[in-house]
Structures are given as C-alpha cells and as structure tokens.
Amino acid sequence: MSQYSFYQIWILHAIKSYGVVPLNRLYRILTGNRTMSTLIGVTEDKTEVFFASLPHLKEEYFHQLVDGFFREGMVSENESGLVLLKEIPEFSLVTNGRHAVNYLMHPYSFVQLRDVTRLWVEWISYNRYEETRYRPLIQNVWLQQLFKRWYKEKKENITSVWFSSIVDEFHDWANKQDESVKGHWVGLFNGAKSTAALEDELVSLWGFTTVEDCEPLSRLVLMKWVSDVFEEPENFPIAYGWFSIMVEWISHETSSVQETVRLFCKGMKRTEIAHLRKLKESTINDHLLKYVLLTKEALYERVEETKAAVAYKSLFENGQYPRYKEAKDQFEAAGKKLDFFLFRYYQIKALKERK
C-alpha cells in the first residue's frame, strides 16, 4: 500500500471496518461531527478509532480521494453506501478495544492529555522532581498544576524502583509495536521539529507517499498507546494508573457541557437551565447525554428515580436494544409520547453495559 498517502490508507481502513458506510456519514465521522447520533453510532459500530481522526480533511479533497478509489476499482457504492472491493493489509493503528470511548474525547481534551503526558514522560527522563521549584517543561500552568496534583498524591510510591518499572513498561510496549509505530511514538517525546522536517521523517517512517497532516497521525499513535494500556492494565500498571487518573481529571467534553451537568446535578430542570444559559433545550439535552456517554460511571440519580423512567428502562432489559422508531411506534401504540431524552439516556446506559 506504499502507493497511497496517510489519508488514503486511513479512509480505506474506515470503509473496511464498517463493511458498508454512506459517503456523507463517513465524512462526518472522520472529521468529528459531535452530534449525539454520530457519537452513539460510532459507539454502536465500535469504530471510535475513526471518529475525528482526520479533523482537517476538506470535503472537496475527501471526494477527490474517494473518486480516485472508484477509478482504481478499490471501492464501489451501492444503495447502502461505500464498499471495499479489494483486500488491504492490516494497519496497526486500527484498534477496537473495550475502552475505545477515549477516542471520542473532545479535541481540546486530547491536547491536554497529550501535553500533560509529555510533561510526565519528560519528568521521568530527568528522574527528579522538586515540589516547590519544578522545571516548567510544558508552558501551560493548568497542566503543570495537574501534574503537581498527581505527584503529591503519588510521591510516597515514587522510588528508584518505580522509575525502573515505568521505564520497563515503556520498553515492553514499544518493543511490541511495528517499527513505524515505535519510531513515531519515541518521536512524540523528542521535542519540537519544523512541520516540513516532521513530514519528511514520517513519510520515510511509514512508507506513505505523503502525510497530509502530521497531528492526526501523531494522535493515533498516542491513542494506540492509551488503548493498549487500558486493554492490558496488568502489563502496564503504572501507565494505567497515570492514564486512569488523567482521563478522570480531564473532562472528555467542553466547559459548557460541564456547566450544564453541574446545574442539572444541583437540581435545576432542563428547561430552567436552557433559560438561564440562553440555549435551546435540545442543546441542554445534548450536553447531559454526551456526559453520560463519555464518562465511565456517570448516571443521573434524579432521572433514575422518576416514575417516568421505568418504561424507558424496560425497553432495554433482557438484552433488548430497540431503535428509536421501534420504541416510538411502541409508545404511540399505547397512546403515549416518547421522551427523546429519556430514550437516549437508557439507550446509552444499555450501550455502555453491552460493550
């Protein structure tokens, strides 16, 4: 597949993972359309790795690439969507583990996770730390404080043995990877380079004809590490502890979503929050549902305790997983109106339990 660019390889693997996928839907997934239907869809399909993976992909260029696949006989399109016609080699960055929700984090959240992890790895490489006068390796005060918070909680356990163990974990993971993944992963912590120099290096490392955008490829490499650590915590206990805490401390969503959740948990109604924040009620619902989907143990007790919730909970009992139209028809047959928020809430709960 050396005749293809990074974008081309990734798009082909997205089509392969889906089996069949509508053209426009594929573009929304790759560029990271954060509607609830898209987020739930990729979670249902276990294709989170592709979500927002090419955020800067222009729609015109996307269609040019797909048209090229048509001309080469790589893909065809039927009434259901795009279909891959030829076998393509496995690609190590395609993951579909049980903890793939981390791929759905907001781009801002990913940058925070990436940069605080760079701070952590660089600190490990120095093998020292001064609580009151630490070296500001990342010029972001909030991330520095986040790192200090972690250090204060863990400093009793940080010994020479701890340092040796985490370095062993780094070696063990890196040595299991393809040379391209390993080389790129090491490069993530080697300091800044010019974009042109980095592109040339990555083209050589991966064997692509070109790397249209370095950042998405680097994100996929870092997230493969995160994904593997969550899949095998027994093999990477220190890294697992680090990422577990950071994923808990760094919200997967925006401050606006967090504010909506805070007000709801204080007891405000969704209509009241919408009025206070001058937002549509559908936006408030979207905020609350995203938080439940993207936060591991999240639930709303006040929702669970209402009488109205019983009917929605029963929809998803005993392994049932009805689609919205099925549930809507069922409610209307009983002379009731389906509450979209409650349906989505229990759909997300069932989806998380099913995964």
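Here are some short exercises, with worked solutions, on the predicted model shown above.

**Exercise 1. Work out how helices α2 and α3 are oriented relative to each other, and what kinds of residue make up their contact.**

Start with the general idea: packed helices are described by the angle between their axes and the distance between those axes.

- Step 1: find the two helices. α2 covers residues 23–31 and α3 covers residues 36–45.
- Step 2: take the geometry. The angle is about 95°, and the axes are 11 Å apart.
- Step 3: classify it. Angles of 65 to 115 degrees count as roughly perpendicular, so that is how α2 and α3 sit relative to each other.
- Step 4: see who meets whom. From α2 come Arg25, Arg28 and Ile29, and they meet Thr38, Gly41, Val42 and Asp45 of α3.
- Step 5: sort the contact residues by type. You get two nonpolar, two polar and three charged.

**Exercise 2. Put the strands of the open sheet in order, and say which ones stand at the edges.**

A reminder before you start: strands of a sheet pair through backbone hydrogen bonds, either parallel or antiparallel.

- Step 1: look at one pair. β2 (residues 75–78) runs antiparallel to β3 (residues 81–84), with four bridges between them.
- Step 2: check the turn. A hairpin of two residues links β2 to β3, and Asn78 sits opposite Gly81 in β3.
- Step 3: bring in the remaining strand. The sheet has three strands in the order β1-β3-β2, with antiparallel pairing.
- Step 4: read off the edges. β1 (20–21) and β2 each have a single partner strand, so each has one side without a neighbour in the sheet.
- Step 5: add the helices. α1 (residues 6–18) lies across β1, β2 and β3, at about 100° to β3. α4 (residues 59–72) lies across β2 and β3, at about 100° to β2.

**Exercise 3. Lys46 and Asn318 both have a positive phi; find where each one lies and how exposed each one is.**

Here's the background: most residues other than glycine have a negative phi.

- Step 1: take Lys46. Its phi is about 55°, although it is not a glycine.
- Step 2: place Lys46 in the chain. Lys46 belongs to the loop between α3 and α4.
- Step 3: check its exposure. The relative accessible area of Lys46 is 46%, so it counts as partly exposed.
- Step 4: turn to Asn318. Its phi is also positive, about 55°, and it is not a glycine either.
- Step 5: place Asn318. The loop between α16 (309–315) and α17 (324–333) holds this residue. With a relative accessibility of 79%, Asn318 is exposed.

**Exercise 4. Describe the surroundings of two residues, Trp150 and Leu202.**

- Step 1: begin with the largest nonpolar core. It holds 117 residues, and Trp120 and Trp150 touch the most other members. Helix α10 (residues 214–231) gives the most to this core, with ten residues.
- Step 2: list the contacts of Trp150. Beyond neighbours within four places in sequence, they include Trp120, Trp123, Trp162, Trp242 and Trp249. Ile158, Ile245 and Met246 are in contact with Trp150 too.
- Step 3: move to Leu202, in helix α9 (residues 195–206). Its relative accessible area is 1%, so Leu202 is buried.
- Step 4: list its partners. Leaving out residues up to four places away in sequence, Leu202 touches His184, Gly207, Val211, Cys214 and Leu217.
- Step 5: look at one of these partners. Leu202 and Cys214 are twelve residues apart along the chain, and their C-alpha atoms are separated by 7.9 Å.

Key: Residues are numbered from 1 along each chain as its sequence is written. This is a predicted model: local features need pLDDT of at least 70, side-chain atom pairs count only at pLDDT 80 or more; totals for chains, interfaces and linings use all residues. Side-chain values use heavy atoms; hydrogens and water are left out. A nonpolar core is a set of buried Ala, Val, Leu, Ile, Met, Phe, Trp, Tyr and Cys residues joined through side-chain atoms within 4.5 Å. Buried means under 20% relative accessible area, exposed over 50%, partly exposed in between (1.4 Å probe, protein chains only). Contact means heavy atoms within 4.5 Å. Axes are lines fitted to C-alpha atoms, for helices over the stretch in contact, and angles run from 0 to 180 degrees between N-to-C directions. Angles under 35 degrees count as roughly parallel, over 145 as roughly antiparallel, 65 to 115 as roughly perpendicular and the rest as oblique. Ala, Val, Leu, Ile, Met, Phe, Trp, Tyr, Cys and Pro count as nonpolar, Asp, Glu, Lys and Arg as charged, and the others, Gly among them, as polar. Two strands pair if DSSP finds at least two bridges between them.
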